[in-house]
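This report is an introduction for a reader who has not met the structure before. It covers a helix, a sheet, the empty spaces and a few single residues.

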Amino acid sequence: MRQKVWIFLVHVLLCNATFAGIPLWLDKDPFNIWQHRLVYRNLKQLSVSEDTIDRASYNYGQNTFRVWRAFHKVLRGENIEMIVIGGSNSAGGGISDHRQLYHQLFLYWWNSLILPYTGSKLTIKNLSLGGTGSDFFSLCLQNYVTNTKEPDIVLIELSVNDYGYLCGEAAQPVEQLTRRVMSLSSEPLVVYVTLVDLIEKVKWWKSILNPRCYNLEDIGQHEIARYYNITVFSWRDIVCPMDTRKSKRRIEIKSSMINGDHIHIGVKSHAQIALMLTRYFQKELKRTICLPWKSVRKTAESIDKIPPLFVQFPNQTLISKSFCWSLISTNWRMPDERQSLKVKILIRKGFREITPQSLYARMAQTDADRSDSFGGWQSRKRGSFIEFSFTAPKMARKTDKWSVGLVLRHLQNGLIKISLDENENTTLTITGENYGRILLQTRIYFLRTRITSGKHKMKIETEGRNGFDVLLSGMVLGPAGMRNIKGYKPSNTLQKVWSREDYKALLLH
């Protein structure tokens, strides 16, 4: 009864209030809440305006069931679970005080403002991994979503790690991941945060590597967002706004927007994104209060009934079930990952295990720094070999076929040969050049696309020269037919690309 009275009172206050000069609690300035965490005190110091924030926010998900479900849970005083799936920026790359990360600022704002008035507490689990894209998360998500309670909100920030040059095709992995997240039984609200990288000239490059500020938004992400009713917060639109004719982007980098490492976004940029999130949640919470719940669908449309936008059969199958063995951790301090695929080491020579807790695996510079780490089996010698055994499970459906892939984190100055079940006719060779010039990134190489259920062996052999280094970080089983996507994270280029023109210009010759 009290709960209903509270919702009614809030409804009256927010929808009909006329208290001149007295701000409603929901409109409290977030800068006042963040004053002990940030040096920025207002929009001007943050180098943005309200119009800038509004233009960079694309509310494609307005009035959808997932939005209403999440916000009605808030009004009922229920706790909200949120996960962040991102890259190194969301993991905290280059930021010494992780309380200043955008999702932590948002968390602090929520529990300082929303929690006292509604009783709804927000908790965030950060699943971000540097140099890792949607292809890995779409196949290994079950290893990392280990809470018994599934998330209410999922924030995806992978627009700079899902690079490529074919519009639509290169966006298939993020569509796969999006569908996987939306298929969770908790029917979570999904939002995208889109960043852009390599936009400033630094001493070790002669020119700006991404002068047109390209990212995944240019090759299909907005189409996916509109199709699945997902709101987009485009930081790219803040740092690289379109000119008045909307013909090209101009780079507007203010102080502290780019980190001192020239790779990651800075503290000011994290605060800008946090402000975009708070403004959105303020507006949507008001909208939820003012519009009747009975006008909204009571269930989300099943994702299985929505045909894919870019994933086309038979070139790429939808991921409904996958298995993953991974020595990659989102939190080396308190690892809680589980293995959905059991793998054994049969024989090895010249390979050593790097645990996710080891200093070598951590991306952190100090114990107080970021939490992601990349373990695996490492070799720095030619003539090394290692053999794994694994069991492909039987499926309840008609098919019992699987695709199998190897997860690499690093390969330099040599090559590896991968064979399955001692069949030399199916040997896959990966060279350091094919791996690419971005040496610390998570890549998946599919070896076979239709293996049967049962026991299998995978053997990896090395050939190298001085400075050879390889790190095998995991193995995945996906649905039959999965293979590496043309145009997605091309390995034979000098740098990341987001267009055909860039791909041709950066192609290794």
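## Helix α11

Most of helix α11 is covered, with 19 of its 24 residues buried. The model is a predicted one. The helix runs over residues 267–290, and at 1.5 Å a residue its 24 residues should span 34 Å. The C-alpha atoms at its ends are 35 Å apart, which agrees with that expectation.

## The sheet

Six strands form an open sheet with mixed pairing, in the order β1-β6-β5-β4-β2-β3. At its edges stand β1 (57–58) and β3 (122–126); each has a single partner strand, so one side of each is left without a neighbour in the sheet. Strands β4 (residues 153–157) and β5 (residues 189–194) pair in the parallel sense, over 4 bridges. In this pairing, I153 stands opposite L189 of β5.

## Pockets and cavities

Rolling a probe the size of a water molecule over the atoms shows where empty space is left. The table lists the spaces described here, with the classes of their lining residues.

| Space | Volume | Nonpolar lining residues | Polar lining residues | Charged lining residues |
|---|---|---|---|---|
| Largest pocket | about 990 Å³ | 18 nonpolar | 14 polar | 9 charged |
| Second largest pocket | about 810 Å³ | 13 nonpolar | 8 polar | 12 charged |
| Largest cavity | about 90 Å³ | 7 nonpolar | 3 polar | 2 charged |

The largest pocket has a volume of about 990 Å³. It is lined by 41 residues, and the closest to its centre are I263, H264, M363, I438 and L440. Three elements, α5 (88–91), β14 (401–420) and β17 (454–479), each supply at least two residues of the lining of the largest pocket.

The second largest pocket is lined by 33 residues, and those nearest its centre are S183, D304, I319, S320 and K321. The elements that give two or more residues to this lining are α7 (134–144), α8 (172–182) and β14. Of these, α8 gives the most to the lining of the second largest pocket, with 4 residues.

How many cavities of 30 Å³ or more are there? The count comes to 3. The largest cavity is lined by N89, V196, D197, L198, I199, E200, W235, I258, H262, I263, H264 and I265. Two of these names, I263 and H264, also appear among the residues closest to the centre of the largest pocket.

## Two loop residues

S183 is one of the residues nearest the centre of the second largest pocket, and it lies in the loop between α8 and β5. Is S183 buried or partly exposed? At 44% relative accessibility, S183 counts as partly exposed, because that value lies between the 20% and 50% cut-offs. S183 and I303 are 120 residues apart in sequence, yet their C-alpha atoms are 5.9 Å apart in space.

R370 lies in another loop, the one between β10 (352–354) and β11 (373–374). R370 has a relative accessibility of 5% and therefore counts as buried, the cut-off for buried being under 20%. Its side chain makes a polar contact with the side chain of D372, at 2.7 Å.

Definitions and conventions
Residues are numbered from 1 along each chain as its sequence is written. This is a predicted model: local features need pLDDT of at least 70, side-chain atom pairs count only at pLDDT 80 or more; totals for chains, interfaces and linings use all residues. Side-chain values use heavy atoms; hydrogens and water are left out. The expected span of a helix is 1.5 Å times one less than its number of residues. Buried means under 20% relative accessible area, exposed over 50%, partly exposed in between (1.4 Å probe, protein chains only). On a 1 Å grid over the protein atoms alone, a cavity is a set of points where a 1.4 Å probe fits but cannot get out, and a pocket is an open set with protein on both sides within 12 Å along at least five of seven lines; lining residues have an atom within 4 Å of a point. Grid points are joined across faces, edges and corners, and a volume is the space filled by probe spheres set on the points. Ala, Val, Leu, Ile, Met, Phe, Trp, Tyr, Cys and Pro count as nonpolar, Asp, Glu, Lys and Arg as charged, and the others, Gly among them, as polar. Two strands pair if DSSP finds at least two bridges between them. A polar contact is a pair of N or O atoms within 3.5 Å; within protein, one must be able to donate a hydrogen and the other to accept it, and residues adjacent in sequence count only if both atoms are side-chain atoms.
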